[in-house]
Amino acid sequence: MQALDRTLLFVLAFLSMLAVTPLFAGSSERTAEATVIAIVQATPQTATNVINTDHTVTGTATDSISGNPLVGYDMTFNVLTGPNTGATGGGLTDVNGQVTFTYTGSGGVGDDSIEVCVSFAPPARTGRPALGLPPLDCDTVTKTWTAPTPTATATSVPTATAIAATTTPTPTPVPSPTTTPAQLPITGSADGGSSLPWVILGLAALAALTLLAGATLLKRAR
């Protein structure tokens, strides 16, 4: 009877140990996680873009002791102040400990202050109970939104009107007046000048006619 009681007590003690072990294991795991000191670095630290374009922020979470990336941790992005206040995003860190967040600067001109924080993953993603701890680490970056540069309006250049060239008619050359050769002066005149040349010419003509007539008669006589 005593041996049976001892056996029963031993079995109950063994079952109790099996039931309590997961609780200690879970507590040990959460304690180990709570000792992790994370560092978050967001990039780019500053940037300037024209409004209504996209901007991307990348957060990187690493272990402050080992420098290794923290994989599977919850990272959140929040635009705390600026024209796009209220824009949010986030996700679980990848194998490089990174998460990216892209949003559109549709709120107008100004500076956005973007906070990037990392914490343990929520229960819905890990299946473990929430620790209720604040973020492990946060970093803040600034984004400046500017107005687009106004497009210069091209000034139309008036079209030049072609002016027809005026042709000046070539004047018709005026013929030069015909120069009449000067007449040779006549020797002698009726006012008592010498008439000897005319007398000689008359005698010569008479002699020539006389010779011609004589030659004609002689030829007939033969």
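One disulfide turns up when the whole structure is searched. This is a predicted model, so keep that in mind throughout. The pair is C117 and C138, with sulfur atoms 1.9 Å apart. The link is right-handed, with 110 degrees about the S-S bond. C117 sits in strand β7 and C138 in strand β8, so the bond ties together parts that are 21 residues apart in sequence.

How buried or exposed is each cysteine? C117 has a relative accessible area of 7%, so it is buried. C138 comes out at 33% relative accessibility, so it counts as partly exposed. The cut-off for buried is under 20%.

Stay with β7 for a moment. S119 is also in that strand. Its relative accessibility is 19%, so S119 counts as buried. Leaving aside residues up to four places away in sequence, S119 touches Y73, D74, P135 and L136.

Now the chain as a whole. It has three helices and eight strands. Along the sequence, the pattern reads α-β-β-β-β-β-β-β-α-β-α. Of the 222 residues, 20% are buried. The accessible surface is about 16,300 Å². Carbon and sulfur atoms account for 64% of that surface. Take the contacts between residues at least 6 apart in sequence: 65% of these join residues at least 24 apart.

Next, the sheets. Which strands make up the open sheet of five, and in what order? The order is β2-β8-β7-β4-β5, and the pairing is mixed. At the edges stand β2, residues 46-50, and β5, residues 88-92. Each has a single partner strand, so one side of each has no neighbour in the sheet. On average, neighbouring strands here are turned by 25 degrees against each other, direction ignored.

Inside that sheet, look at β4 and β7. They run antiparallel and are joined by seven bridges. One position to find on screen is T81, which stands opposite S113 in β7. The two disulfide strands, β7 and β8, stand side by side in the order of this sheet.

The other open sheet has three strands. Its order is β1-β3-β6, with antiparallel pairing. Here β1 and β6 are the edge strands; each has a single partner, so one side of each is left without a neighbour in the sheet. Neighbouring strands are turned by 20 degrees against each other on average, again ignoring direction.

Take the β1 side. Six bridges join β1 to β3, and the two run antiparallel. A42 stands opposite G59 in β3. In a regular strand, side chains alternate between the two faces of the sheet. With that in mind, look at β1. Its covered face carries A38, V40 and A42. Its uncovered face carries I39, Q41 and T43.

Now the β6 side. β3 and β6 pair in the antiparallel sense over seven bridges. H55 stands opposite Y103 in β6. T56 has T102 of β6 as its bridge partner.

Why is β3 described as largely enclosed by the rest of the structure? Seven of its 10 residues are buried, so that is how the strand is classed.

Last topic, the core. Nonpolar side chains tend to be buried together in soluble globular proteins. The largest nonpolar core in this model has 20 residues. Which residues have the most contacts inside it? They are V57, F77 and V116.

Where does the core draw its residues from? Six strands each supply at least two. They are β1 (38-43), β3 (54-63), β4 (74-81), β6 (98-104), β7 (110-119) and β8 (137-146).

V116 is a good residue to click on. Again, set aside residues up to four places away in sequence. V116 then touches V40, A42, V57, G59, M75, T76, F77, D137, C138 and D139. Some of these names have come up already. V40 and A42 belong to the covered face of β1. G59 is the residue opposite A42. C138 is one half of the disulfide. V57 and F77 are, with V116, the residues with the most contacts inside the core.

Terms used
Residues numbered from 1 in each chain as written. Predicted model: local features only at pLDDT ≥ 70, side-chain atom pairs only at ≥ 80, totals over all residues. Heavy atoms only, no water. Core = buried A, V, L, I, M, F, W, Y, C linked by side-chain atoms within 4.5 Å. Buried < 20%, exposed > 50% of the residue type's maximum accessible area, 1.4 Å probe, protein only. Helix = DSSP H or I, 4+ residues; strand = E, 2+ residues; numbered from the N terminus. Contact = heavy atoms within 4.5 Å. Pairing = 2+ DSSP bridges. Axes fitted to C-alpha atoms, helices over the stretch in contact; angles between N-to-C directions. Areas by Shrake-Rupley, 256 points an atom, 1.4 Å probe, with all protein chains shown as cover. Disulfide = S-S within 2.5 Å.
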